Structure formats: C-alpha cells, structure tokens
Amino acid sequence: MVLLGVETSCDETAAAVVTEDGRILSNVVSSQAELHARFGGVVPEVASRRHLELVAPVVQGALAEAGTSLDGIDAVAVTRGPGLIGALLVGISAAKAIAWSRGLPLIPVDHLHGHVASLYLQPDDVEPPFLCLLASGGHTLLLDVQDRTGFTVLGSTLDDAAGEAFDKGARLLGLGYPGGAAIDRLAREGDPEAYRFPVARVQGLDFSFSGLKTALLYAVRDLSTEELEARRADLAASYQRAIVRALVGRATEAAEQSGHSRIAVVGGVAANSELRAALPGAALAPLPLCTDNAAMIASAARYATAVPFPEYLALDAYATAA
Ligand SMILES: Nc1ncnc2c1ncn2[C@@H]1O[C@H](COP(=O)(O)OP(=O)(O)OP(=O)(O)O)[C@@H](O)[C@H]1O
Ligand SMILES: [Mg+2]
C-alpha cells in the first residue's frame, strides 16, 4: 500500500508519498515563513490563501518526485487538526477531492500523532514504548507512548509553547521570525552562563515559559543599542540554555515517573542542536522531519482508522487538541 500525505495545519504546505512499511518516496515542503516574516508571525487568512495556491503544485511535486501518479496511490492521509481552521480546510478539501475522484479511502490524522509518527519512518524506525517530548511552535507535551496508534498526555505547558518561547525570544533579540533556528545559530557564539535566566518550576509534569520571556525582555530593555549588539550572542545562548534545561529536566523526570527507560524528542524544537546534544541517549526525530511535513502525517495514517469511500465528504477540521 502507498499513501499520499497532505499537511496544511499552519504555514507549511506539504505533501509526501510513503509506503506502508515506512519508506519515504518523496517529501515536499513549501514553507510560507518568508511571507509571514514581515508580520512577525503567521497571519491565518494569508496562510489559507497561500495554501490554496500551493496545495496542487506541492501534491504534483510529491507524486513526481516519488516517480508515480495518482494511479500508484492507495489511500490519502490528511491532517485534520489541531491547527488554523482555514489552513486545515484547504488541505482537507484537497485530500477529499483527490480521494473521492479516485474512489480511495481517506485517513484523517491528528497533527500531534503525526509529529510522534516522524519516529516510525525508515531507516531509523523507533519501536514504542517510550516517553516522548513533543516540542513545537504550538505545543510542549510529555507523552506516554505505549504503541503506534496514539499516546497519553502526562504534561503540557501552562502558557507558551517551547517553540513560541524561542520565537518570542528571537523577536526581542531582533532576529526575525521564525526565530528558533536563528537563536540556535547565534547561541553557538555566546556564553550560555552569561545570564542566569529563571527556569520556572511548576507542579507536576507541566512547563511554563512566560516568566523566562519576561526575564529576557527586562535584560534587553536595560541595554543600549550598542550593548545589545555586543551581548546578543550571550543572551541567545543563556536563553536557549534555560529552555533546554527545562525541557531536559522535565522529560527526564517524566521518564522516571512513568517507568520509561527511553526518551524520544519530536517537533520543530527537536531540531535544536543544544537539546539534541543534551539528550545523547534519546531517539531524536530526523532533522528534516522535526518541523511540519507530510511524511509524518502519512506515517501516522498507517496506524489510524481509514474512512472508506465515499463516507468522508462531511469530514470536518478541528482547531484545538481533542
Ligand atoms: N533549531 C531550532 N531550535 C529551536 N527551535 C526551533 C529550531 N528549528 C525550528 N524551531 C522552532 O520550531 C517551531 C516550529 O515547529 P513545528 O513546525 O513543529 O511547529 P508548528 O507546527 O507551528 O506547531 P504545532 O506542531 O504545535 O502545531 C518554531 O517555533 C521554530 O522556532
Ligand atoms: Mg507542527
């Protein structure tokens, strides 16, 4: 069985072709980041319109790169939520149209299950059980993963997501949007111990990053333009250190408490070089599969329930995690 995956939950228009045994035949991602950079964040209406322009060429690109056509596709997988409603509906409508025109089944996929399923692709297929840290632009979750069909949430963020903390920090440091990768790069030139930013200790297995962001705001506010220029790398390194310390600390605690001997890390923030280095024994999502892509959606679809033709025409999107 060969799956076509479609992902449009935020600002990446993505399509991929994946086999049932987890081989990626193609993985095309068209990022809209530049389009949204001038607004300092994703503008939902702008994202939806751009998805509308890009979805057909991106799907065509994925089929061509895989050396196939719709004749070679057995099922269509699509992100159903969580995400921006208008953006999701573009992908869902496209996926329904493709599946319906070919009489194929449609497999709706939860985007967060997709991030976890980035670990189930070849050549580095990770076998559950494990404790999974999902750190992305919209979520920071600690997940108990017992099998490939889903997960149980053990902890979450009380305010900002880890990726959001990176992005807001980058904005305060004048590094543009999205800022996670920019902080990662600049931090290599700075001293991570130059500033002692607080890591909030909240109860249970939850996270809180809003205090950290405020601490950076105060540190930046006290500096002149020249001083900020001179300390920018130190600020980036110290800020990144605080986020990584919080993520690693809580993931380790969660693994101990839930009896997992293995930790896995997925989501956009899993691309962070300091986080990857801080968890040497962990199963890390492959770099190209950390940020949003459709290979992970097709991967999750292998373990989700297919809706047979033509029962999916009324299928709806959902904005927030169920
Ligand atoms: N090297 C890096 N270091 C830190 N953060 C990074 C790095 N690369 C990307 N990010 C962050 O990852 C986030 C994007 O990840 P992803 O695409 O998984 O999130 P999303 O899809 O917007 O959110 P969600 O999956 O929760 O809906 C951004 O916040 C970005 O700054
Ligand atoms: Mg995502």
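Begin by selecting Gly 174, just after helix α5: this residue takes a positive phi of about 70°. Helices (H or I, at least four residues) and strands (E, at least two) are DSSP runs, numbered from the N terminus. The structure is a predicted model, in which local features need pLDDT of at least 70 and side-chain atom pairs count only at pLDDT 80 or more, while totals for chains, interfaces and linings use all residues. Residues are numbered from 1 along each chain as its sequence is written, and chains are lettered from A and ligands numbered from 1 in the order in which they are written.

**Stop 1: helix α5**

Step back from Gly 174 and select α5 (162-172). Is this helix mostly covered or mostly open? It is mostly covered, since 9 of its 11 residues in α5 are buried. A residue is buried if 20 or more other C-beta atoms lie within 10 Å of its own, exposed if 12 or fewer, and partly exposed in between, with C-beta atoms placed from the backbone. Among the buried residues of α5 are Ala 162, Phe 166 and Lys 168. The cover over these buried residues includes the strands β6 (130-135) and β7 (140-145), together with the helices α6, α7 (210-221) and α8 (225-258).

**Stop 2: the surroundings of ligand 1**

Now select ligand 1 and the 24 residues around it. A residue is counted as near a molecule if its C-beta atom, placed from the backbone, lies within 6 Å of it. Which residues come nearest to ligand 1? They are Gly 137, Gly 138, Gly 163, Gly 180 and Gly 268. The elements that give two or more residues to this shell are α4 (111-117), α5 and α6 (180-187). By class, the shell around ligand 1 holds 6 nonpolar, 15 polar and 3 charged residues. Here Ala, Val, Leu, Ile, Met, Phe, Trp, Tyr, Cys and Pro count as nonpolar, Asp, Glu, Lys and Arg as charged, and the others, Gly among them, as polar. Domain 1 and domain 2 each supply at least three residues to the shell around ligand 1.

**Stop 3: the two domains**

Colour the protein by domain: domain 1 covers 2-118 + 291-301, and domain 2 covers 128-285. These bounds come from an automatic or database domain assignment. How far apart are the C-alpha centres of domain 1 and domain 2? They lie 27 Å apart. The contact between the domains takes 12 residues from domain 1 and 18 residues from domain 2; two residues are in contact if their C-beta atoms, placed from the backbone, lie within 7 Å. On the side of domain 1 that touches domain 2, α1 (33-37) and α4 are the elements that give two or more residues. Of these, α4 gives the most, with 4 residues. That side of domain 1 divides into 5 nonpolar, 7 polar and no charged residues.

**Stop 4: strand β4 and its partners**

Next, select strand β4 (residues 75-81). The strand is largely enclosed by the rest of the structure, because 7 of its 7 residues are buried. Strand β1 (residues 2-7) runs parallel to β4 and is joined to it by 4 bridges; two strands pair if DSSP finds at least two bridges between them. Within this pair, Leu 4 stands opposite Val 76 in β4. Strand β5 (residues 106-110) also runs parallel to β4, with 5 bridges joining the two. There, Ala 77 stands opposite Ile 107 in β5. Follow the chain from β4 through helix α3 (residues 85-102) to β5: this β-α-β crossover is right-handed. The term applies if, with the strands pointing away from the viewer, the path from the first strand over the helix to the second runs clockwise.

In the loop between β4 and α3, select Pro 82. The peptide bond from Gly 81 to Pro 82 is cis, with omega near -10°. A cis peptide bond also joins Phe 309 and Pro 310, with omega about 0°; Pro 310 is found in the segment after α10 (295-301).

**Stop 5: the mixed sheet**

Finally, display the open sheet of 5 strands, whose order is β8-β7-β6-β9-β10 and whose pairing is mixed. Its edge strands, β8 and β10 (283-284), each pair on one side only. Strand β9 (residues 263-266) runs parallel to β10, with 2 bridges joining them, and Val 265 stands opposite Leu 284 in β10.

At the other edge, select Thr 152 in strand β8 (residues 152-155). Is Thr 152 buried or exposed? Thr 152 is exposed, because it has 10 other C-beta atoms within 10 Å. Leaving aside its neighbours within four places in sequence, Thr 152 is in contact with Leu 143 and Asp 144.
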